[in-house]
Amino acid sequence: MTHQDPKEITERPSSGFSEAEIATIDAAREILRRHARSTAALQSWGMLTDYLALNAVRERVEVFRVLLLDRKNRLIRDRIMTRGSIDHVPVYVSEVLRSALVLDASAIIMCHNHPSGDPEPSQADIDLTRKIVEACKVMEIVVHDHIIVGFGREKNAFSMRAAGMLSD
């Protein structure tokens, strides 16, 4: 598994975009990043999914990221945990927990993209989420949600919390 420093918020989109489109995406990403850090990340579903979609728009493979939050649900860090293939991303529960513990996060939001465009969770997604939720309970870290974003569709997101797949 490879770890990446959280530069993902400022990474430029992949080719296929015009210079003007890249500049617009970069500006929107920066505005949402600043706003997410200064206010509660859970302030609105629209803000959260827009933020996640803007970060996923350039990805051609599955990317698993964790939003690490403080007690007031403000964003401490947006960390890419790992990158996978077009239909799979390896995730280690211990690495998710370690990131939360090192940064003193009291809550997390997990997210990954489905490059196919279909945000429906696979059985592997559901099983992984359950494992992470159980591990976080032991460490008293709240898991607010696991959101799956369909590639390139800003309003195409699946919330495991809203679907009743996360237990408190």
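Q: What counts as a helix or a strand here, and how many of each does the protein have?
A: Helices are DSSP runs of H or I with at least four residues, and strands are runs of E with at least two. By that definition, this predicted model has four helices and five strands. Read along the sequence, they follow the pattern α-α-β-β-α-β-α-β-β.

Q: What makes the five strands an open sheet, and in which order do they come?
A: The order is β2-β1-β3-β4-β5, with mixed pairing. At the edges are β2 (75–83) and β5 (157–159), each of which pairs on one side only. From one strand to the next, the twist averages 20 degrees.

Q: How do you know that β4 and β5 pair?
A: Two strands pair if DSSP finds at least two bridges between them. β4 and β5 have three bridges, in the antiparallel sense, so they satisfy that definition. Along this pairing, I148 stands opposite F158 in β5.

Q: Which helices pack on the sheet?
A: Helix α2 (residues 45–56) does, touching β1, β2, β3, β4 and β5. The direction of α2 makes about 55 degrees with that of β4. Helix α4 also packs on the sheet, where it touches β1, β3 and β4. The direction of α4 makes about 165 degrees with that of β3.

Q: What makes β1 and β2 a pair, and what lies between them?
A: They are joined by seven bridges in the antiparallel sense, and the definition asks for at least two. One of the partnerships links R65 to I80 in β2. The hairpin of β1 and β2 has five residues between the strands, and there N73 takes a positive phi near 60 degrees.

Q: Why is V89 called buried?
A: Buried means under 20% relative accessible area. V89 has 10% relative accessibility, so V89 counts as buried. This residue is found in the loop between β2 and α3.

Q: What is V89 in contact with, beyond its neighbours within four places in sequence?
A: The contacts are with E62, F64, T82, R83 and G84. V89 and E62 are 27 residues apart in sequence, and 5.7 Å separates them in space, C-alpha to C-alpha.

Q: Why does V91 count as buried too?
A: Its relative accessible area is 16%, and the cut-off for buried is under 20%, so V91 qualifies. V91 also lies in the loop between β2 and α3. Not counting residues up to four places away in sequence, V91 touches F64, T82, V96, L128 and I132.

Q: What makes a group of residues a nonpolar core, and how many residues does the largest one have?
A: A nonpolar core is a set of buried residues of certain kinds, such as Val, Ile and Phe, joined through side-chain atoms within 4.5 Å. The largest one here has 25 residues, and those with the most contacts inside it are F64, V66, V96, I108 and I132. At least two residues each come from β1 (63–69), α3 (93–102), β3 (107–114), α4 (123–138) and β4 (142–150). Helix α4 gives the most, with six residues. A second, separate core of 13 residues includes A53, L75, A107 and V149. In soluble globular proteins, nonpolar side chains tend to be buried together.

Q: Which residues does V66 contact, leaving aside its neighbours within four places in sequence?
A: They are R77, D78, R79, M81, V96, I108, I109 and M110.

Q: Which residues of α3 are buried, and what covers them?
A: E95, V96, L97, S99 and A100 are buried in α3. Their cover includes β1, β2, β3 and α4. After α3 comes D104, whose phi is positive, near 55 degrees.

Q: Why are C111 and C136 called buried, and how many disulfides are found?
A: C111 has 3% relative accessibility, so it counts as buried. C136 has 1% relative accessibility, so this cysteine counts as buried as well. A disulfide needs a pair of cysteine sulfur atoms within 2.5 Å, and a search of the whole structure finds zero disulfides.

Q: What share of the protein is buried, and how much area does it expose?
A: Of its 168 residues, 49% count as buried. The protein exposes about 8,400 Å², of which carbon and sulfur atoms supply 53%.

Notes:
Residues are numbered from 1 along each chain as its sequence is written. This is a predicted model: local features need pLDDT of at least 70, side-chain atom pairs count only at pLDDT 80 or more; totals for chains, interfaces and linings use all residues. Side-chain values use heavy atoms; hydrogens and water are left out. Buried means under 20% relative accessible area, exposed over 50%, partly exposed in between (1.4 Å probe, protein chains only). Contact means heavy atoms within 4.5 Å. Axes are lines fitted to C-alpha atoms, for helices over the stretch in contact, and angles run from 0 to 180 degrees between N-to-C directions. Accessible areas come from the Shrake-Rupley method with a 1.4 Å probe; for residues, only the protein chains shown count as cover.
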